[in-house]
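Colleague: I have a structure open and would like to walk through it with you. Could you bring it up?

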Amino acid sequence: MKFAEFARICEEIERLSGRLEMTEVISRVLSGLDEIDLPIFVQFVTGKIFPDWSPLKLGIGPNLLYDAITLIVDGTRDDVIGEINRRGDAGLAVQAILEQKKMARRSPRAATIQTALFSQELDLAEVYGKLEKIARQGGRASQQEKLSLIQSLFQNASPLEGRYLARLLMEDLRIGVGEGTIRDAIARAFSVDPREVEHAYQARNDLGEVAMLARLGESALRNVHIMPFHPVKMMLAQQGTIAGAIDENGTVAAEYKYDGSRFQFHKVGDESRIYSRKLEDVTDALPDVTRILEGATTHDVILDGEVIAVRDGKPLPFQAVLRRFRRKHGIEEMQKEVRVQPFVFDILYLDGETLIDLPFIERRARLMSALSDHVAPQVVSDDPGEIEKVYQESLAAGHEGLMIKVLSSPYTPGIRGKNWLKIKPSVDTLDLAVIGAEWGEGKRAHVFGSFLLACQDQGELTALSKVATGFSDEQLADLYELLSDHVLSESGKEVNLEPFLVFEVGYSEIQESPNYECGYALRFPRFIRLRDDKGIADIETLDGIKERYLRQKK
Ligand code: AMP
């Protein structure tokens with residue numbers, strides 16, 4: 001497929017508003033693609049270059065993109081940034097810049113140059129190849145190399161291609177195609193059950209691969225297995241109550257809710273790796289956890305658990321363990337300073353067998369048989385009083401609360417459902433994405449002083465609140481450091497930010513409000529902490545906000 005064709009399809013989809021129409025358009029395209037273009041198209045159309053499990057990350061911030069655009073235009077970097085600020089979108093800005101360039105070349109004198117410049121038409125696989133090359137260039141020294149690769153892409157792009165190329169480089173295509181739409185389109189294109197597509201996606205964590213399986217037929221989809229060293233998304237929890245959980249399910253399992261960091265441990269023979277909640281490989285930062293878990297099993301396994309930091313047998317605040325996950329240097333000393341303790345609560349794979357479809361109660365039995373130690377203790381009961389006791393014990397021991405799990409439930413990667421319920425004393429905090437900021441005032445004039453936050457609605461981000469309190473000067477300086485490379489555009493005192501950072505915020509009440517896009521707003525929002533263990537996909541949904549609003553009204 002030519003990249004020009006891909007851009008044309010994106011433009012067509014961008015004009016549509018209904019999910020059904022989008023599904024229809026995409027499914028028609030999918031059914032005509034060959035095995036090279038199919039997986040790439042499926043990834044690209046959702047605005048992602050690589051599948052979530054892949055260790056490859058593109059890592060192009062707005063600054064590098066702006067440098068690359070500057071190299072292909074006659075103007076300065078400030079002109080480029082000015083154009084982006086005016087249009088509020090790097091894609092539209094690049095399109096306009098390339099249009100101007102094309103116009104300039106329309107003079108007869110420039111005709112020969114024009115043919116030379118547009119002689120090389122981009123195709124999808126070639127774009128993917130270059131992006132893969134960019135992702136493989138780790139480290140600072142490679143900026144120059146990355147820059148020339150990006151420049152070579154733009155050099156061969158038409159204005160419309162430029163629009164989608166720029167957005168693809170920011171991994172935000174802005175055409176509204178979420179995972180749900182693409183899954184439905186795959187099912188439709190190859191006449192297979194959408195539930196099988198969903199299930200295969202949960203196991204493989206790779207939409208491109210799932211599309212290829214769907215092309216082979218339903219039995220290929222059904223026959224998927226989890227693979228070691230190919231991490232799957234973590235199963236997630238909803239808020240709940242002890243009484244509600246027992247009313248609905250009868251007997252349930254209760255475990256402490258540990259306030260640490262989620263991990264997925266993969267081991268085959270002597271080889272093992274640990275992945276963070278965002279599926280990053282953090283093995284090198286956590287040699288002690290690897291050692292502990294390797295020592296507790298002789299089997300080939302994929303385990304799911306939470307690792308906490310401890311001192312004198314007491315849990316430390318969750319930031320302490322996060323420091324360990326982030327650590328790149330001085331890991332030896334850090335191991336002594338911050339001691340870690342893993343608690344394993346699930347098993348997804350054992351000696352070649354995929355376990356995610358087994359009921360939790362059976363997975364738990366396999367877990368107990370495979371691991372000699374470090375399994376999270378559990379109480380199984382239908383007595384609210386007994387479970388309340390476990391909850392109080394957990395809090396008294398310094399943990400965060402309680403997790404209640406439905407015994408018959410499969411392991412559903414990436415799904416936040418009713419099969420795992422979390423119970424915490426203070427439920428009034430939300431995890432939200434930072435999508436904008438405003439420069440501070442007075443002594444805070446050189447950093448951002450307030451932030452615009454969003455929740456997610458069907459894969460799109462929608463603004464919900466600003467937060468300006470709860471920050472120390474030191475935190476604001478750190479946040480500026482984290483965010484300054486991710487400014488997409490600026491107007492007056494406000495900046496638009498590339499969404500990647502998650503804040504946990506407290507609030508006193510959710511109100512209906514016309515001030516924000518989503519129709520709700522937070523009363524007295526305050527910053528609690530940075531959740532850099534969480535990604536944009538983990539933030540609160542608009543449905544969750546509505547539910548809290550209704551619950552609060554009652
Ligand atoms: P939250 O981060 O508030 O959405 O709560 C869910 C998180 O609690 C999970 O993603 C885990 O990181 C963590 N957690 C702590 N203890 C457990 C447990 N026993 N079972 C499952 N998740 C747990």
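Colleague: Which way round is the crossing of α4 and α5, left-handed or right-handed?

Modeller: The crossing of α4 and α5 is right-handed, where right-handed is said if the near helix is turned clockwise from the far one by less than a right angle, and left-handed if anticlockwise. Helices here are DSSP runs of H or I with at least four residues, strands are runs of E with at least two, and both are numbered from the N terminus.

Colleague: And which residues make the contact?

Modeller: From α4 there are Asn63, Tyr66, Asp67, Ile69 and Thr70, while α5 brings Arg77, Val80, Ile81 and Ile84, with contact meaning heavy atoms within 4.5 Å.

Colleague: Before we go on, what kind of model is this?

Modeller: This is a predicted model, in which local features need pLDDT of at least 70 and side-chain atom pairs count only at pLDDT 80 or more, whereas totals for chains, interfaces and linings use all residues. Residues are numbered from 1 along each chain as its sequence is written, and side-chain values use heavy atoms, leaving out hydrogens and water.

Colleague: Okay, new topic: which residues come nearest to the ligand?

Modeller: Of the 15 residues around the ligand, Glu255, Arg262, Glu306, Lys405 and Lys422 come nearest, and a residue is counted as near if one of its heavy atoms lies within 4 Å.

Colleague: How far is the side chain of Glu306 from an oxygen atom of the ligand?

Modeller: An N or O atom in the Glu306 side chain is 2.4 Å from a ligand oxygen atom, and for the side chain of Lys422 the corresponding distance is 2.5 Å. A backbone N or O atom of Tyr256 lies 3.0 Å from a nitrogen atom of the ligand.

Colleague: Which elements give two or more residues to the shell around the ligand?

Modeller: Those elements are β2 (252–257), β10 (401–406) and β11 (416–423).

Colleague: Last one: where does Leu16 lie?

Modeller: Leu16 lies in the loop between α1 (3–15) and α2 (19–31), and its C-alpha atom is separated by 9.0 Å from that of Gly176, although the two residues are 160 residues apart along the chain.

Notes
Polar contact = N/O pair within 3.5 Å; in protein donor to acceptor, adjacent residues only side chain to side chain.
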